[in-house]
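Subject: Structure for your review

Dear colleague,

Please find the structure below, together with its sequence. My notes on what was found in it follow directly after.

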Amino acid sequence: MQGKHLFEYAVIRLVPRVEREEFVNVGVVICCKRQHFIACKIHLPKEKLLALDPLSDFSVFECYLESFEKICQGDPNGNPIGKQDAASRFRWLTAMRSSMLQTSRPHSGFTEDLQETLEKLFEEYVA
């Protein structure tokens, strides 16, 4: 990939108790429509989530995050969203919702290396 690519990204959040609206950043998703590129990087920080809810059910969190990753990767098995193009999947993943798994509003930027930018965003917002 040469030259600057317009990309969008969002921070992935887990909200263990939706009614309290407290969240932990657990990942980043990035998309470049022109390059048909979408990828995410996720880390489940159990200690932070337990601080917000000592009764956290990590099996539920892991299931949600696994589904998120499969849609991001375009896995068509069991989910029609996975069959859509990268930009449509990104829009679906970043749609506003009030559930345990949420994302920030999408932000945009320019980069020469989408994978490197994903790593930098992950370090900045999650690690």
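At what angle do the axes of helix α2 and helix α3 cross, and within what distance do they come? Please note before reading on that this is a predicted model. The axes of α2 (residues 58-73) and α3 (residues 86-93) come within 9 Å, and the crossing angle is roughly 155 degrees. Helix α2 is therefore roughly antiparallel to α3, since angles over 145 degrees are counted in that class. On the α2 side, the contact is made by Phe68, Ile71, Cys72 and Gln73, and on the α3 side by Arg89, Trp92 and Leu93. By character, the residues of this contact divide into five nonpolar, one polar and one charged.

I turn next to the aromatic residues. The structure holds three aromatic pairs. One of them is formed by Tyr9 and Tyr125, whose rings are stacked, with 6.0 Å from centre to centre and 25 degrees between the planes. Tyr9 belongs to strand β1 (residues 5-14) and Tyr125 to helix α4 (residues 114-125), so this pair ties together parts that are 116 residues apart in sequence. How buried or exposed are the two partners? Tyr9 has a relative accessibility of 10% and therefore counts as buried, because the class covers values under 20%. Tyr125, at 30% relative accessibility, counts as partly exposed.

A further pair, Phe58 with Phe61, is edge-to-face: the centres are 5.6 Å apart and the planes stand at 85 degrees. Both of these residues lie in helix α2, three residues apart, which is about one turn of the helix. Phe58 and Phe61 are both buried. Returning to the stacked tyrosines, Tyr9 and Tyr125 form one aromatic cluster together with Phe7.

Two lysines are placed over aromatic rings. Which ring does the charged end of Lys46 sit over? The ring is that of Phe58, and the distance to its centre is 5.4 Å. Phe58 thus appears both in the edge-to-face pair with Phe61 and beneath the charged end of Lys46. Lys41, for its part, lies over the face of Phe122, at 4.7 Å from the ring centre.

Leu52 may also be of interest to you. This residue lies in helix α1 (residues 46-52). Which residues does Leu52 touch, leaving aside those up to four places away in sequence? The contacts are with Pro16, Arg17, Arg20, Glu22, Phe23 and Val24. Val26 is 26 residues from Leu52 along the chain, and the C-alpha atoms of the two are separated by 14 Å.

Finally, I would draw your attention to the backbone at two loop positions. Glu21 is not a glycine, yet its phi is positive, at about 60 degrees. Glu21 is placed in the loop between β1 and β2 (24-32). With 66% relative accessibility, Glu21 counts as exposed, because that class begins over 50%. His36, likewise not a glycine, has a positive phi of about 55 degrees. His36 is found in the loop between β2 and β3 (37-42). The relative accessible area of His36 is 66%, and this residue is exposed.

With kind regards

How values were computed
Residues are numbered from 1 along each chain as its sequence is written. This is a predicted model: local features need pLDDT of at least 70, side-chain atom pairs count only at pLDDT 80 or more; totals for chains, interfaces and linings use all residues. Side-chain values use heavy atoms; hydrogens and water are left out. Axes are lines fitted to C-alpha atoms, for helices over the stretch in contact, and angles run from 0 to 180 degrees between N-to-C directions. Helices (H or I, at least four residues) and strands (E, at least two) are DSSP runs, numbered from the N terminus. Angles under 35 degrees count as roughly parallel, over 145 as roughly antiparallel, 65 to 115 as roughly perpendicular and the rest as oblique. Contact means heavy atoms within 4.5 Å. Ala, Val, Leu, Ile, Met, Phe, Trp, Tyr, Cys and Pro count as nonpolar, Asp, Glu, Lys and Arg as charged, and the others, Gly among them, as polar. Rings of Phe, Tyr and Trp (its six-membered ring) pair if their centres lie within 6.5 Å; planes under 30 degrees apart count as stacked, over 60 as edge-to-face and the rest as tilted. Buried means under 20% relative accessible area, exposed over 50%, partly exposed in between (1.4 Å probe, protein chains only). A charge sits over a ring if NZ of Lys or CZ of Arg is within 6 Å of the ring centre and within 35 degrees of the ring normal.
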